[in-house]
Amino acid sequence: LFAEVLDSDDICLCGMMAAEVASLKDPARAALKDFFATSERWLEDVFTAHQDELSSALSPQELARIFMSGLEGATLIERVDTGKDRLAAWKALTRALVS
């Protein structure tokens, strides 16, 4: 999904809004916070369901937070660098976590 966003020269709206969170009104800030919380909970559930397949001492919650922030950050930096090396690194990290 993140690679497709880069391919289409789009941006992650929530990632961009997070960068400008100080300028958001409270309802938008709350919705943005909810988006990231929901996304991280989903990832946490996935990591929890497959915990026996993971090669990590980190908790599912920690992994979810790391993955969400890493993907968002990689997408932002890739736009500057016009590449996909960071997303490829995240894919490699994901594969390394699965035993």
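**Reading a five-helix chain**

The protein chain exposes about 6,700 Å² (Shrake-Rupley method, 1.4 Å probe), and carbon and sulfur atoms supply 60% of that area. This is a predicted model, in which local features need pLDDT of at least 70, side-chain atom pairs count only at pLDDT 80 or more, and totals for chains, interfaces and linings use all residues. Residues are numbered from 1 along each chain as its sequence is written, and side-chain values use heavy atoms, with hydrogens and water left out.

Reader: Which secondary-structure elements does the protein chain have?

Author: Helices (H or I, at least four residues) and strands (E, at least two) are DSSP runs, numbered from the N terminus. Here there are five helices and zero strands.

Reader: How is the span of helix α3 to be read?

Author: The expected span is 1.5 Å times one less than the number of residues. Helix α3 (residues 26–49) has 24 residues and should span 34 Å; its end C-alpha atoms are 34 Å apart, which agrees.

Reader: Which residues of α3 are buried?

Author: An α-helix has 3.6 residues a turn, so residues three or four places apart point the same way. In α3, the buried residues (under 20% relative accessible area, 1.4 Å probe, protein chains only) are Leu32, Phe36, Ser39, Leu43 and Phe47. They pack against α2 (13–19) and α4, where contact means heavy atoms within 4.5 Å.

Reader: Is Glu78 buried or exposed?

Author: Glu78, in helix α4 (residues 60–81), is buried, with a relative accessible area of 1%. A polar atom of its side chain lies 3.0 Å from the backbone nitrogen of Asp85.

Key:
Buried means under 20% relative accessible area, exposed over 50%, partly exposed in between (1.4 Å probe, protein chains only). A polar contact is a pair of N or O atoms within 3.5 Å; within protein, one must be able to donate a hydrogen and the other to accept it, and residues adjacent in sequence count only if both atoms are side-chain atoms.
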